[in-house]
Amino acid sequence: MQIGIRFHDTVELPFEERLQEIKRQGFSCTHIALSKVPGFTADTTALTPGYAMYMRDAFRRADLDVAVLGCYLNLANPNEASLHAIQEKYKAHIRFASLMGAGMVGTETGAPNETYSYDKEACHSKEALETFITNLRPVVDYAEKMGVIVAIEPVYRHIVWNPKRAREVLDRIESPNLQIIFDPVNLLWTDNYAQRYEVFEEAMDLLKDDICMIHLKDCVCEKDRIVSMGCGLGEMDYTSIVEFAHKYKPYIHATLEDTKPDNAVAARECIEGYEAKLK
């Protein structure tokens, strides 16, 4: 696996120095959201070819891949004007990614309200899924025109909350430009935590052909929530995930999440330890 890190989890330095520090820590790629880069912007009107090419060249100089350009907005927003602006922002990110050289534009799958807040009955309803598919379709159509992958990330507390829902979205939109970011921990909540490895196996079985990236973090289950943290700090066993990547997804980008600058290297080494056992 090509192990990377989220840009906004790293130590704050001037942009190009920060990229060099990421490389120095042994990472080969990053997950970047422009809105989380100090001094930069994700405003739709600002996403010009020049801006994209500057970013492309800065990452190239640092010898880092841009694994994913994040655009985590709510495609199930019921406000028509807000939804239109969100869809236009996705299209701008898709154009930007095509020039920046990003592996994909990544997103989660929202909630059927204006506040992007979790309501289990509403988020997990059939109606919410229909809304999400309808609103995602023109974004994927645009991605096809631009030759860019859009990757959705199933999350228990969002609309696409389990592997079966993710498979339905893929099958109904039926585009090679729509793929999956596999974040095992994000598929968990208190009611399925005890069966977490079965959940992971189901995801890898149903979504195998369409997984294009992996997110890696650790977790523990508290009374009413799942708490996530850097790899090696919780209760996760990554054996099946690493085996899946090595068997089916050679050189896949796998970015760490919820690390801190002082434990990021240890989190990388944790995953590399699992990889070493396979050799």
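Me: What is the handedness of the crossing of H6 and H7, right-handed or left-handed?

Reply: The crossing of H6 and H7 is right-handed. Bear in mind that we're looking at a predicted model here.

Me: What makes H6 roughly parallel to H7?

Reply: Look at the angle: H6 and H7 pack at about 15°, and their axes are 9 Å apart. Angles under 35 degrees count as roughly parallel, so H6 is roughly parallel to H7.

Me: Which residues meet where H6 packs on H7?

Reply: From H6 you get Pro163, Lys164, Ala166, Arg167 and Leu170, and they meet Val199, Glu202, Ala203, Leu206 and Leu207 in H7. Sorted by class, that contact has seven nonpolar, no polar and three charged residues.

Me: And why is H1 called oblique to H2?

Reply: Helix H1 (residues 15-24) and helix H2 (residues 49-61) pack at an angle of about 40°, with axes 9 Å apart. The cut-off for roughly parallel is under 35 degrees, and roughly perpendicular runs from 65 to 115. An angle of about 40° fits neither of those, so H1 is oblique to H2. H1 passes H2 in a right-handed crossing, too.

Me: What does H1 touch H2 with?

Reply: Phe15, Glu16 and Leu19 are the H1 side, and they meet Tyr54, Met55, Ala58, Phe59 and Arg61 in H2. Those contact residues divide into six nonpolar, no polar and two charged.

Me: Why does Tyr251 count as exposed?

Reply: Exposed means over 50% relative accessible area. Tyr251 has 67% relative accessibility, so it counts as exposed. You'll find Tyr251 in the loop between helix H8 (239-248) and strand S10 (253-256).

Me: Then why is Asp258 only called partly exposed?

Reply: Buried is under 20%, exposed is over 50%, and partly exposed is in between. Asp258 has a relative accessible area of 26%, so it's partly exposed. Asp258 lies in the loop between S10 and helix H9 (264-278).

Me: What makes the phi of Tyr251 worth a second look?

Reply: Most residues other than glycine have a negative phi. Phi of Tyr251 is near 65°, a positive value in a residue that isn't glycine. Asp258 also has a positive phi, near 60°. And Glu174, which follows H6, has a positive phi near 50°.

Me: Which residues of H6 are buried, and what covers them?

Reply: The buried ones in helix H6 (residues 163-173) are Pro163, Arg165, Ala166, Arg167, Val169, Leu170 and Ile173. Their cover includes helix H4 (120-123), H5, strand S5 (150-152), strand S6 (178-182) and helix H7 (196-207).

Me: How about H8: which residues are buried there?

Reply: In H8 they are Ser240, Ile241, Val242, Phe244 and Ala245. These buried residues pack against S6, H7, strand S7 (211-216) and H9.

Me: Which residues have the most contacts inside the largest nonpolar core?

Reply: Ile32, Leu136, Val169 and Leu216 do, in a core of 86 residues. Its largest share, nine residues, comes from helix H5 (residues 126-146). There's also a second, separate core of eight residues, which includes Ala67, Val68, Met104 and Ile181.

Me: What does Leu216 touch?

Reply: Leaving out residues up to four places away in sequence, Leu216 touches several residues, among them Met1, Cys231, Tyr238, Ile241 and Ile271. Ile241 is one of the buried residues of H8.

Technical notes: Residues are numbered from 1 along each chain as its sequence is written. This is a predicted model: local features need pLDDT of at least 70, side-chain atom pairs count only at pLDDT 80 or more; totals for chains, interfaces and linings use all residues. Side-chain values use heavy atoms; hydrogens and water are left out. Axes are lines fitted to C-alpha atoms, for helices over the stretch in contact, and angles run from 0 to 180 degrees between N-to-C directions. Helices (H or I, at least four residues) and strands (E, at least two) are DSSP runs, numbered from the N terminus. A crossing is left-handed if the near helix is turned anticlockwise from the far one by less than a right angle, and right-handed if clockwise. Contact means heavy atoms within 4.5 Å. Ala, Val, Leu, Ile, Met, Phe, Trp, Tyr, Cys and Pro count as nonpolar, Asp, Glu, Lys and Arg as charged, and the others, Gly among them, as polar. A nonpolar core is a set of buried Ala, Val, Leu, Ile, Met, Phe, Trp, Tyr and Cys residues joined through side-chain atoms within 4.5 Å. Buried means under 20% relative accessible area, exposed over 50%, partly exposed in between (1.4 Å probe, protein chains only). Angles under 35 degrees count as roughly parallel, over 145 as roughly antiparallel, 65 to 115 as roughly perpendicular and the rest as oblique.
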